[in-house]
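Here's a quick tour of one protein chain, written with modelling work in mind. Have a look at the structure first, then read on.

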Amino acid sequence: MLLRFILLAIGVVCFLVFALCMYILSKIIFVRWKYSHLPTPKMKSFLLGHAMYFEEMYKKGGHISMLFSQWNKTYGPIFVIFAVHRVSVMCMEPSIVKELLINTKSTKPAQFYSILHSVFGQRFLGTGLLSVLDNTVWEERRKMFNTAFKRGFLIDLLFQYDESAERLISYLLTKADGETEVLMYEELNKLSLDVIAKVAFGLNDLDAISEKGSIFSEAAADSLHGCMSQMQLSFFAAFDFRKESRRVQDKAKKGSMLIRDIGRRCILKRIQDIKEGRDYPNDILTHILQVSSHLQNNSVFGMEEMLDEFVTFFVAGQETTASLMAFTFEYLGRYPDIYKKVQEEIDDVVGNKQSISYDDICKLEYLSLVLKEVLRLSPPVVGVQRINPKDLYLNGYKIPAGSNIGLNHYTIGRDERFWDDPEKFNPERFRKESNSRVYAYFPFSLGPRVCIGQHFALIEAKVTLTKLLQRFDFILVPGVEFQCFVEVTLKPKNKTPFYLIRRFKK
């Protein structure tokens, strides 16, 4: 009897495995047949599709967008890529960018953005502005938050940006001997965390710039690393029982829990302060709580939803702005003439002033051009993905409605059709507008879903870069290659090592 039961169980398991394999196989065949009319690079594996190319690029120290840039030159502005049963139609054409990003009916594909909802079962960004898929829900939330990210509101908080930059300067002064190697990406990451903690959430005791403050930064990095593992392994990530994989999963879950726990305490304290009439800062959190007071404690916008927005602003705001500033230093270190021109402009406009006004940063025109060029070549967000609500046509090809379409800003930013000598770092190219590159430049996305933190990031970057270049000379450590990697966002692989020399005493 027992033997029969065991044989039956084995038979059932074998049948289920066979059925699952047949389902995956049929889905692969159907998907690839559906898109067989589109150009596609040669696949190295029937089952894995183009995934082996991705793995090879990772091993070389590169990232997927570098492949897309190569394939764009070989196959043209539209090509399709497969990874097992997943499919993405890559479109490097401004007309499609315009159609999908300006069109309010296009949606985000769950295939990509759902990985940000949770890391290995632990809620991470949830249904925050970045990861929410329902356009109606997104629109309601965006309306609530818009005024908190208006330029005028952020200008009133400029002293906080200034104060955080001064704290970093004090720390860097201890290392400004021209011999101590400073990893600027790490320092700017902590500064960006300090800024968003204070400006957005009134967390003045986080102490982000000190060594102690790196705990929060590491938690964000661990969570994003977990998201990237989910993206690469897809369905199989949760069943990867290798020791190193389990370590990545545990750190990702703990990192996400830590950030959400800090957020929960912060929100509950602010709600209590408001109720009891105690003093509280007029920051972004206060604004969100005030405009959403009628929705709190219900299924529409309860504590978990508020935490989703807290984590989204914290992680997305910190990661992207820190990368933007670090990449700016990378390019300035490699282009001494441009570095000198930026520093001279800062000396002319700001001089020895310790506090920087909004009028000052508005006068830094060349620095603005530099930031635009950095965002063209090394955008922290390399691209966006959308689902087209209707059939699209490009170069004689039909893209079926409901396709997952990748709009890769990193690739379009290197396309010779829109940029002269595209690999050259040349801020002057932005002196004049060009019709040929309309919708070919979208580092903060475009249309209704344009990044809500765009002004926040640019003000922070300009204040920080201005104060650092005013107070220090930066010398790139010799022999360091310019390499990038993607962990949800694009980051400098070598963490931007510099030697610092103090310029003058304050």
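Are glutamate 373 and arginine 429 buried or exposed? Both of them are buried.

## A buried pair across the chain

Keep in mind that this is a predicted model. In it, glutamate 373 and arginine 429 form a salt bridge, with their closest N and O atoms 3.0 Å apart. The pair ties together distant parts of the chain: glutamate 373 belongs to helix α16 (residues 365–377), arginine 429 to the loop between α17 and α18, and 56 residues separate them.

## How far to trust it

Over the protein chain the mean pLDDT comes out at 85, and 88% of the residues reach 70 or more. Broken down by element, α16 has the highest mean value (97), while α1 has the lowest (66). Where pLDDT is low, the predicted coordinates shouldn't be read in detail. So the helix that carries glutamate 373 is the one with the highest mean pLDDT among the elements of the chain.

## More salt bridges

In total, the structure holds 37 salt bridges. One of them sits inside a single helix: aspartate 194 and lysine 198 are both in α9 (residues 184–201), 4 residues apart, or about one turn of the helix. Their side chains meet at 3.1 Å, N to O. Aspartate 194 counts as buried because its relative accessibility is 1%, under the 20% cut-off. Lysine 198 is buried too, with a relative accessible area of 6%.

Then there's glutamate 423 with arginine 414, whose side chains meet in a salt bridge at 3.6 Å, N to O. Here the two partners fall into separate classes: glutamate 423 is partly exposed, at 46% relative accessible area, whereas arginine 414 counts as buried at 11%. Elsewhere, salt bridges that share partners join up into one network, made of Arg123, Arg260, Asp261, Arg264, Glu304, Glu305 and Asp308.

## Cysteine 451 and its annotation

UniProt puts a "binding site" feature at Cys451, and the entry is unreviewed. The annotation may be inferred rather than shown by experiment. In the model, cysteine 451 lies in the loop between α17 (409–412) and α18 (454–471).

How accessible is cysteine 451? Its relative accessibility is 35%, so it counts as partly exposed, the class between 20% and 50%. Setting aside residues up to four places away in sequence, cysteine 451 touches Arg142 and Phe444.

## Valine 132 in its loop

Valine 132 is placed in the loop between β4 (122–123) and α6 (135–145). Despite being in a loop, valine 132 is buried, with a relative accessible area of 4%.

Which residues does valine 132 contact, leaving aside its neighbours within four places in sequence? They are Lys108, Thr127, Val137, Trp138 and Arg449. Threonine 107 is 25 residues away from valine 132 in sequence, and their C-alpha atoms are 9.8 Å apart in space.

## A nonpolar patch on the surface

Finally, the surface has a nonpolar patch of about 450 Å², built from Ile29, Phe46, Leu47, Leu48 and Met52. Leucine 48 is found in the loop between α1 (2–34) and α2 (51–59), and is partly exposed with a relative accessible area of 34%. That value makes leucine 48 eligible for the patch, because patch residues need over 30% relative accessible area. One caution when looking at this region: α1, which borders the loop of leucine 48, has the lowest mean pLDDT among the elements of the chain.

Notes: Residues are numbered from 1 along each chain as its sequence is written. This is a predicted model: local features need pLDDT of at least 70, side-chain atom pairs count only at pLDDT 80 or more; totals for chains, interfaces and linings use all residues. Side-chain values use heavy atoms; hydrogens and water are left out. Patches are made of residues with over 30% relative accessible area and no salt bridge: like charges are joined within 9 Å, nonpolar side chains (Val, Leu, Ile, Met, Phe, Trp, Tyr) within 5 Å. Accessible areas come from the Shrake-Rupley method with a 1.4 Å probe; for residues, only the protein chains shown count as cover. A salt bridge is a side-chain nitrogen of Lys or Arg within 4 Å of a carboxyl oxygen of Asp or Glu. Helices (H or I, at least four residues) and strands (E, at least two) are DSSP runs, numbered from the N terminus. Buried means under 20% relative accessible area, exposed over 50%, partly exposed in between (1.4 Å probe, protein chains only). Contact means heavy atoms within 4.5 Å. pLDDT is the predictor's confidence in each residue, from 0 to 100.
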